[in-house]
Amino acid sequence: MFKKLFFGNTRKPKGFLGKIMINRMNEGHAKLSDWGLSHLTDINPSEIADFGCGGGINVAKLIKLFPDAKVTGFDYSNVSVKESKKVNAQKISDGICNIIQGDVSKTPFENEKFDLITAFETVYFWPGPLTSFKEVYRTLKSDGTFMIVNEFDGISEREKKYEKIIDGLKLYSNQELTDYLKQAGFQCVILFHDEQKHWITVIAKK
Ligand SMILES: C[S@@+](CC[C@H](N)C(=O)[O-])C[C@H]1O[C@@H](n2cnc3c(N)ncnc32)[C@H](O)[C@@H]1O
């Protein structure tokens, strides 16, 4: 019962337990997100968004990796938005970072705003996910990049345990993710799979 309540905070962090979960994710996802970010070669984005930004640690990493870019963190949870603002307070007052609250399936952003949109450990919860991927597609520039980084590849034994305790967690196979992205309009989808750790990084080009 407590496990379900606590891990429910991965979907939408809420209250005190949500804050604990956020800190846990900021640390626990560090190696996975570093691995994901290592695939972002050959791009020089000036407008970046991290959708489902959680505690904002990946927003901070993106600012470090692309120091000339503006980075927007976007999440529908009050707690995630609050923690992301705290972690990135200096960059927000420097005017290079923005944290906005809302749902990824219906964002407030104009067409073709971003060069790069990232999604770490979050697409499992997104509405659709086709509706949400279409929204990413709409808000990306014509040569934009969407990167998904997941610690579950749809085939590990470990993830089946989490599927039972996290309501709303939808696990996708590599083929399913590729198909949804292509249906959303992405021309080129490249998938990197660490078969031992069961991690995946998907790079989709508009
Ligand atoms: C498991 S956490 C991952 C957080 C962060 N990206 C990380 O890697 O540590 C998932 C996050 O996605 C957010 N999220 C889930 N569905 C969302 C949606 N439909 N719109 C916006 N944010 C969403 C949750 O609020 C939560 O902060």
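User: Which residues is V59 in contact with, leaving aside its neighbours within four places in sequence, and what makes two residues a contact?

Analyst: Happy to start there. V59 is in contact with D50, C53, V71, G73, S84, N88 and C97. Two residues count as in contact if their C-beta atoms, placed from the backbone, lie within 7 Å. This is a predicted model, in which local features need pLDDT of at least 70 and side-chain atom pairs count only at pLDDT 80 or more, while totals for chains, interfaces and linings use all residues. Residues are numbered from 1 along each chain as its sequence is written.

User: Which residues of the largest nonpolar core touch the most other members, and what makes a set of residues a core?

Analyst: Among its 39 residues, F51, V59, I117, V136, F146, I148 and L181 touch the most other members. A nonpolar core is a set of buried Ala, Val, Leu, Ile, Met, Phe, Trp, Tyr and Cys residues joined through C-beta atoms within 7 Å. Elements that each supply at least two residues include β1, α4 (57-65), β4 and α9 (174-184); helices (H or I, at least four residues) and strands (E, at least two) are DSSP runs, numbered from the N terminus. In soluble globular proteins, nonpolar side chains tend to be buried together.

User: Why is D42 called exposed or buried, and how does E112 count?

Analyst: A residue is buried if 20 or more other C-beta atoms, placed from the backbone, lie within 10 Å of its own, exposed if 12 or fewer, and partly exposed in between. D42 has 5 such atoms, so D42 is exposed. E112 has 16 C-beta neighbours inside 10 Å and therefore counts as partly exposed. D42 lies in the loop between α3 (30-37) and β1, with phi near 60°, a positive value in a residue other than glycine. E112 sits in the loop between β3 and β4, and its phi is near 55°, again positive in a residue other than glycine.

User: How do you know that β2 and β3 pair?

Analyst: Two strands pair if DSSP finds at least two bridges between them. Strand β2 (residues 70-75) is joined to β3 by 5 bridges, so the condition is met; the two strands run parallel. As one example, G73 has I99 as its bridge partner in β3.

User: What makes β3 and β6 edge strands?

Analyst: The open sheet has 7 strands in the order β3-β2-β1-β4-β5-β7-β6, with mixed pairing. β3 (97-101) and β6 (188-194) each pair on one side only.
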